[in-house]
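Thanks for coming, everyone. Let me put the structure up, and then I'll walk you through it.

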Number of protein chains: 2
Amino acid sequence: MPTPARTSVEQILAAGRRLVATDGLEGLTMARVAELVGVRAPSLYKRVPSRAALVRLVATDLLAELGAALAQGVGAGDPEADLREMARTLRRFAMSESSLLVLVFSPLPDGMAPDPEEVVRSVAPLLAVTTQLVGAQRSLPAARTLTAWLTGFVRMEGQGSFGLGGSVDEAFEFGLDVMLAGLRGVAGVS
Amino acid sequence: MPTPARTSVEQILAAGRRLVATDGLEGLTMARVAELVGVRAPSLYKRVPSRAALVRLVATDLLAELGAALAQGVGAGDPEADLREMARTLRRFAMSESSLLVLVFSPLPDGMAPDPEEVVRSVAPLLAVTTQLVGAQRSLPAARTLTAWLTGFVRMEGQGSFGLGGSVDEAFEFGLDVMLAGLRGVAGVS
DNA sequence: ACCTGAACACCGTTCAAGT
DNA sequence: ACCTGAACACCGTTCAAGT
């Protein structure tokens with residue numbers, strides 16, 4: 001006699017996301033997720049193969065959101081303006097979801113890292129802009145330089161690692177100036 | 001009747017470090033540490049207040065090692081050469097201890113992050129060089145730009161996030177060129 | 001077909017009891 | 001003074017039993 005489903009992957013995902021946001025990654029336990037969706041822990045395994053898979057689901061979900069935000073701010077202006085816009089968008093996103101950042105810009109145990117395909121997709125807008133800036137041959141190292149700086153920066157900011165005082169806003173804009181001046185410089189030498 | 005100590009903080013620290021290196025942070029459990037040092041888990045609490053404190057100890061230890069390596073390569077040449085040297089030293093260190101990287105360049109749960117004082121000390125050589133490059137007023141944002149890029153890069157490399165092919169060595173040297181050209185550029189405008 | 005309680009092997013941590 | 005077994009409250013996960 002089939003009994004009706006009492007929850008769904010969507011509900012479980014939302015509960016997982018809420019727990020990571022409020023209590024960090026270690027706050028996402030199967031028992032607490034189950035409680036939030038109104039079911040017992042073993043039932044979760046009908047929808048999700050493991051806790052690691054659930055973490056991965058939340059991370060991928062978050063990354064897709066970031067990718068959508070990035071893609072939105074691209075297109076109109078010149079490449080430098082586009083890049084500034086995207087960088088600020090990424091930082092804004094990271095700050096608004098700072099408690100979830102651990103899922104996207106940090107190393108996760110095996111099996112919890114977000115879907116690599118989604119990673120590539122979310123970074124695509126950045127790669128498009130660097131191609132315009134430094135040409136196709138150098139676009140890959142340029143995008144890597146840019147993403148390394150960006151992810152390093154937002155992780156440090158989200159973690160509160162800027163402990164020496166001074167304006168973090170200023171440091172971000174300064175960094176943006178350095179990146180653009182530097183990309184201009186190496187592009188000119190080519 | 002006092003019984004002789006059967007282990008030490010040093011042994012416990014070494015065991016913790018070995019476990020993180022081989023099995024990641026989650027592989028460091030009190031039971032396994034105890035087994036490695038030849039004691040039962042409860043005895044560890046005579047030397048170390050908690051697992052979190054032990055993780056923090058390992059992280060601080062590792063960071064001190066990095067700081068020593070950085071300080072070593074500084075001094076002789078011009079500031080740009082010093083910076084290149086230090087950047088490569090940091091990357092080499094990160095690669096050689098890639099499995100321990102999670103302790104130094106990643107967000108850790110509260111209470112596990114390395115001693116902030118040690119963080120400041122380890123970064124001091126970098127700050128000294130950026131001061132020479134861009135002047136005292138801009139040295140803080142410059143150092144932040146640099147460390148953001150460096151930590152972002154080594155974390156991505158250690159995590160294997162450079163999945164699109166291409167030479168990672170080249171991307172690092174390219175990034176170094178961008179940073180130096182960029183710092184030169186903004187310094188000139190001052 | 002889904003949900004449940006019971007169970008298993010693990011955690012970190014505390015503590016009374018031994019020496 | 002240090003070490004230990006036992007215990008506690010928690011994990012993730014499996015599974016037979018219920019509906």
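Before anything else, when I say polar contact I mean a pair of N or O atoms within 3.5 Å; within protein, one must be able to donate a hydrogen and the other to accept it, and residues adjacent in sequence count only if both atoms are side-chain atoms. Quick housekeeping too: this is a predicted model, where local features need pLDDT of at least 70 and side-chain atom pairs count only at pLDDT 80 or more, while totals for chains, interfaces and linings use all residues. Residues are numbered from 1 along each chain as its sequence is written, chains are lettered from A and ligands numbered from 1 in the order in which they are written, and side-chain values use heavy atoms, with hydrogens and water left out.

Okay, DNA strand D. A polar side-chain atom of B:Arg47 sits 3.4 Å from a phosphate oxygen of that strand. From chain A, an N or O atom in the side chain of A:Tyr45 is 2.7 Å from a phosphate oxygen of DNA strand D. A:Met30 uses its backbone instead: a polar backbone atom there is 3.0 Å from a phosphate oxygen of DNA strand D.

Who else is around? I call a residue near a strand if one of its heavy atoms lies within 4 Å of it. DNA strand D has 22 residues around it, and the nearest are A:Tyr45, A:Arg51, B:Arg6, B:Arg40 and B:Ser43. Of the strand D atoms that come within 4 Å of the protein, 71% are sugar and phosphate. By class, that surface has twelve nonpolar, six polar and four charged residues. For the classes, Ala, Val, Leu, Ile, Met, Phe, Trp, Tyr, Cys and Pro count as nonpolar, Asp, Glu, Lys and Arg as charged, and the others, Gly among them, as polar.

On to DNA strand C. Here 23 residues surround the strand, with A:Arg6, A:Arg40, A:Ser43, B:Tyr45 and B:Arg51 the closest. The split is twelve nonpolar, six polar and five charged. Sugar or phosphate makes up 70% of the strand C atoms within 4 Å of the protein, and bases make up the rest.

Which atom of DNA strand C does the backbone of A:Thr3 approach? A base nitrogen: a backbone N or O atom of A:Thr3 lies 3.4 Å from it. The phosphates get company as well, with a polar side-chain atom of A:Arg47 at 3.3 Å from a phosphate oxygen of DNA strand C, and one of B:Tyr45 at 2.8 Å from a phosphate oxygen of that strand.

Now chain A as a whole. It has eight helices and zero strands, where helices (H or I, at least four residues) and strands (E, at least two) are DSSP runs, numbered from the N terminus. Its C-alpha atoms fill a box of roughly 70 × 40 × 30 Å along the principal axes. Of its 190 residues, 46% count as buried, buried being under 20% relative accessible area, exposed over 50%, and partly exposed in between (1.4 Å probe, protein chains only).

Last stop, chain B. B:Ala64 lies in helix α3 (residues 51–72), and it counts as partly exposed because its relative accessibility is 31%. From B:Ala64 to B:Ala181 is 117 residues in sequence and 30 Å in space, C-alpha to C-alpha. Over in α4(B), the buried residues include B:Leu83, B:Met86, B:Leu90 and B:Phe93.
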